[in-house]
Amino acid sequence: CFERGKMTKSTVVRDVVMPRLVKALGQKLEKGVVLSLAKNWAWKQKQTVELAVCLKELDEELRGSLTQLWLHHTGLDDSAVPALVDIVTLLPGLRELHLSHTGISKDGLELLGECLSTLYGADRPRDGHLYVNAAELEGATIEDVEHFWEKHQECVSVLCHVRVKETTSFD
């Protein structure tokens, strides 16, 4: 568990995140539970895979209480998308997936959409749409995000992409 007196990254999810999450999920909060892993540039594909594995070990009813997953401003890139798809399938109550300001590209966004459409297309709808915040993704333009939403709107309710049109100078 420890390397030279420090917790290794591979144990952070199991030893730190999961105990806190299980405690929160056990409270059966009316509005559900928000898991915020945001603003952590060390959070990458490896931690996302570990989160998926740990979530799979939880009771399905307990997992159903997790309604929001905040992964914005993290070190995620396209390599994390398969684990994100696993997480979405494990969380039937998930309503919001925040991926803004990450290294996910147009290709990663498209892979996410294709997987979600396959899993939750018109003939197999998800119990409620999933809101994906895709603002300011690296390598994805506003047109890419709009195309993604148009193509996968049967399973993704809203996508946003913010583009600054003007700058203000204070000199």
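Helices α4 and α5 are roughly parallel to each other, because their axes cross at roughly 30 degrees and angles under 35 degrees count as roughly parallel. This holds for a predicted model. The two axes come within 10 Å. Their crossing is right-handed. Helix α4 spans residues 81-90, and helix α5 spans residues 106-119.

The contact between these helices draws on residues from both. Helix α4 supplies Val81, Pro82, Val85, Val88 and Thr89. From helix α5 come Gly108, Leu111, Leu112, Cys115, Leu116 and Leu119. Nine of the residues in this contact are nonpolar. Two are polar, and none is charged.

Helix α5 also takes part in salt bridges. By the rule applied here, the model has four salt bridges. One of them pairs Lys151 with Glu110, with the closest N and O atoms 3.0 Å apart. Lys151 lies in helix α6 (residues 142-152) and Glu110 in helix α5, so this pair ties together parts that are 41 residues apart in sequence. Lys151 also forms a salt bridge with Glu114. Here the closest N and O atoms are 2.9 Å apart. This second pair again links distant parts of the chain, with Lys151 in helix α6 and Glu114 in helix α5, 37 residues apart. Glu110, Glu114 and Lys151 are thus linked in a network of salt bridges.

Accessibility was computed for two members of this network. Lys151 has a relative accessible area of 41%. It counts as partly exposed because this value lies between the 20% limit for buried and the 50% limit for exposed. Glu114 is also partly exposed, at 32% relative accessibility.

A further salt bridge joins the side chains of Arg14 and Glu57. The N to O distance is 2.8 Å. Arg14 belongs to helix α1 (residues 9-26), and Glu57 to helix α2 (residues 45-57). The pair links distant parts of the chain, 43 residues apart. The two partners fall into separate accessibility classes. Arg14 counts as partly exposed, at 38% relative accessibility. Glu57 counts as exposed, at 53%, because the cut-off for that class is over 50%.

Two loop residues were also examined. Glu138 lies in the loop between β6 (130-133) and helix α6. Its relative accessible area is 56%, so Glu138 is exposed. Glu138 nevertheless has contacts beyond its neighbours within four places in sequence. These partners are Thr102, Gly103, Ile104, Ser105 and Lys106. Glu138 and Thr102 are 36 residues apart along the chain. Their C-alpha atoms are separated by 6.5 Å.

Ser65 is found in another loop, between α3 (60-63) and β4 (66-70). Its relative accessible area is 17%, which means that Ser65 is buried, since the limit for that class is under 20%. With residues up to four places away in sequence not counted, Ser65 touches Leu25, Gly32 and Val33.

Conventions. Residues are numbered from 1 along each chain as its sequence is written. This is a predicted model: local features need pLDDT of at least 70, side-chain atom pairs count only at pLDDT 80 or more; totals for chains, interfaces and linings use all residues. Side-chain values use heavy atoms; hydrogens and water are left out. Helices (H or I, at least four residues) and strands (E, at least two) are DSSP runs, numbered from the N terminus. Buried means under 20% relative accessible area, exposed over 50%, partly exposed in between (1.4 Å probe, protein chains only). Axes are lines fitted to C-alpha atoms, for helices over the stretch in contact, and angles run from 0 to 180 degrees between N-to-C directions. Angles under 35 degrees count as roughly parallel, over 145 as roughly antiparallel, 65 to 115 as roughly perpendicular and the rest as oblique. A crossing is left-handed if the near helix is turned anticlockwise from the far one by less than a right angle, and right-handed if clockwise. Contact means heavy atoms within 4.5 Å. Ala, Val, Leu, Ile, Met, Phe, Trp, Tyr, Cys and Pro count as nonpolar, Asp, Glu, Lys and Arg as charged, and the others, Gly among them, as polar.
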